[in-house]
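This text leads a new reader through one protein chain and its ligand. It may be read alongside the sequence and the structure, which follow here.

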Amino acid sequence: MHQFTSEQLSKLFEFLFDSFICLDSEGKVISCSHNLAQVASGGSLQQLFPGLTLQQLDVMQIHLQSVNELLKIPAMDVELSAPLKQQLAGTVRMRVVSIAAMAEVLPGYLICFEYEQLASAESEQLQRQLQSMKSQLMQSEKMAAIGQLAAGVAHEINNPIGYVSSNLQTLSEYCHQLIRLIERLTEIVPAEQLQPILSEHDFNFMRDDFHALVQESDEGVQRVIEIIHALKDFSHSGDEAFVQANIHRGIQMTLSIVNNEFKYKAEVVQDLAELPDIECIPSQLNQVVMNLLVNACHAIEVRGTITIRTRQKEQWIMLEIIDDGKGIDPAHLDRIFEPFFTTKPVGKGTGLGLALSHSIVNTHQGRIEVESKVGQGTCFRVWLPLRQARIAAD
Ligand SMILES: Nc1ncnc2c1ncn2[C@@H]1O[C@H](COP(=O)(O)OP(=O)(O)OP(=O)(O)O)[C@@H](O)[C@H]1O
Ligand SMILES: [Mg+2]
């Protein structure tokens, strides 16, 4: 029978396993894969695997009839020496095998390592990070696509709604004039002549209804214009320039605008830290603060508290807007940043507030988090970097 030299065997193992170490029956290293040469050559079981004895190796060893069976054996966690661990780049799973057919040429132990079956906590965390980055990427791609669509729609609707609005004003003026004209006629023309004509045309009803109709239509048009503006803001959240500014000024300004709405609903508690100026687009951040504050206020059903908290954490600043309102249904949590997602009655919310805020925070290379408990309240937390990392093209 052909006898393999130990060199030939090494080549074969190198081909079969990511990394391997062959030990003789005393636990001395006979050979190892190329990548482990520096840390394993000339070493021993004790040096490489502190805490592992030959007896344990015997127990762990699984006798195979053929190499094909290799993948069926469970991998195990073993403590590795520091240099070996480093060389294996975090691999902690290994199998100890003896191949029956090779018993003659390999009387000791074969320890093989796998990279891809890493199931350590570290790799799980990496997987989670990857997953979260993927979904963030998808979210921002979705936002960009919707932004473009929104810009197109806003542009298309802007012109017609502009002339509908201005024609409505003119039309309303004309109708006022016509009504006045008819009223003047009632002073000149004898009533018995004019009244039957006016009744025939339902003049009194038309005159009264006209005001309500015009006012309702005007409100409708104004609402459409508001939505168009929101859509435009949403799609243009990248136009203005970054400057150094303190977000506290923006918070105060925004508070003074919304104060009227808040007066009867919420006590505003400010828990503000000393903050440095950050590189930002202040008008956009004000919009984020405004959206979050208005949402918080809407979430409060009778009376409650809204807390505004700011902190600096190393190279980041944190802004929290916390309410003790009705909270967010867990089934909605995944959807609140979607454009047009709203639980508010028709005409009350466009569902663009959080989508817009998310896109603005993204533009600032920050992130926005939410924690909520139904019946207890909600906390929106915005993280913003002190400085904007420049992309290469800048
Ligand atoms: N602080 C909060 N507490 C409870 N629910 C909230 C809170 N903030 C947001 N939500 C939920 O998220 C939904 C989406 O919010 P978003 O600000 O995007 O839209 P909206 O407030 O409904 O409309 P608008 O476009 O006028 O802001 C809300 O309809 C509400 O259901
Ligand atoms: Mg909102």
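**A guided reading of the model**

Buried residues make up 23% of the 394 residues in the chain. The structure is a predicted model, and its chain contains 11 helices and 13 strands. Contacts between residues at least 6 apart in sequence show how the chain folds back on itself: 68% of them join residues at least 24 apart.

The reader may begin with the sheet. Five strands make up an open sheet, arranged in the order 8-10-11-13-12 with mixed pairing. Strand 8 (266-271) and strand 12 stand at its edges with a single partner strand each, so one side of each has no neighbour in the sheet. On average, neighbouring strands of this sheet are turned by 15° against each other, direction ignored.

At one of these edges, strand 8 and strand 10 run parallel and are joined by six bridges. Val268 has Ile306 of strand 10 as its bridge partner. Helix 9 lies across strand 8, strand 10 and strand 11, and runs at about 170° to strand 8.

At another edge, strand 12 (residues 367-373) pairs with strand 13 (residues 377-385) in the antiparallel sense, over seven bridges. Here Glu371 is matched with Cys379 of strand 13 as its bridge partner. The two strands form a hairpin with three residues between them, where Gly375 takes a positive phi near 85°.

The next subject is the packing of nonpolar residues. The largest nonpolar core has 30 residues, and those with the most contacts inside it are Leu285, Val288, Leu292, Ile306 and Ile321. At least two residues of this core come from each of helix 9 (247-262), strand 9 (278-280), helix 10, strand 10, strand 11, helix 11 and strand 13. Helix 10 gives the most to this core, with seven residues. Apart from its neighbours within four places in sequence, Val288 is in contact with Ser357, Ile360, Val361 and Val382. There is also a second, separate core, which has 26 residues and includes Cys22, Leu23, Leu80 and Leu110.

Helix 11 also belongs to the elements that supply the 30-residue core. How many of the 11 residues of helix 11 are buried? The count is nine, and the helix is mostly covered. The buried residues of helix 11 include Gly353, Leu354, Ser357, Ile360 and Val361. Among these, Ser357, Ile360 and Val361 are contacts of Val288.

Helix 7 (residues 191-200) presents a contrasting case. This helix is hardly covered, and the count of buried residues among its 10 residues is zero. Asp202, with a positive phi near 55°, follows helix 7.

Attention now turns to the ligand. Ligand 1 is surrounded by 22 residues, of which the closest are Ala299, Thr342, Gly349, Gly353 and Leu354. Which helices each supply at least two residues of this shell? They are helix 10 (282-299) and helix 11 (353-363). Helix 10 gives the most to the shell, with four residues. By type, the shell residues divide into eight nonpolar, 11 polar and three charged. Two of the closest residues to the ligand, Gly353 and Leu354, are buried in helix 11.

Some backbone details in the loops also merit notice. Glu314 has a positive phi of about 50° although it is not a glycine. Glu314 lies in the loop between strand 10 (304-313) and strand 11 (316-323). Is Glu314 buried or exposed? Glu314 counts as exposed because it has 7 C-beta neighbours inside 10 Å, where the limit for exposed residues is 12 or fewer. Gln365 is likewise not a glycine, and has a positive phi of about 60°. Gln365 is found in the loop between helix 11 and strand 12. Because 14 other C-beta atoms lie within 10 Å of Gln365, this residue is partly exposed.

A final stop is His155, which is placed in helix 6 (residues 121-188). His155 counts as partly exposed because it has 13 C-beta neighbours inside 10 Å. His155 and Lys232 are 77 residues apart along the chain, and their C-alpha atoms are separated by 8.1 Å.

Terms used: Residues are numbered from 1 along each chain as its sequence is written. Chains are lettered from A and ligands numbered from 1 in the order in which they are written. This is a predicted model: local features need pLDDT of at least 70, side-chain atom pairs count only at pLDDT 80 or more; totals for chains, interfaces and linings use all residues. A residue is near a molecule or strand if its C-beta atom, placed from the backbone, lies within 6 Å of it. Ala, Val, Leu, Ile, Met, Phe, Trp, Tyr, Cys and Pro count as nonpolar, Asp, Glu, Lys and Arg as charged, and the others, Gly among them, as polar. A residue is buried if 20 or more other C-beta atoms lie within 10 Å of its own, exposed if 12 or fewer, and partly exposed in between; C-beta atoms are placed from the backbone. Two strands pair if DSSP finds at least two bridges between them. Two residues are in contact if their C-beta atoms, placed from the backbone, lie within 7 Å. A nonpolar core is a set of buried Ala, Val, Leu, Ile, Met, Phe, Trp, Tyr and Cys residues joined through C-beta atoms within 7 Å. Axes are lines fitted to C-alpha atoms, for helices over the stretch in contact, and angles run from 0 to 180 degrees between N-to-C directions.
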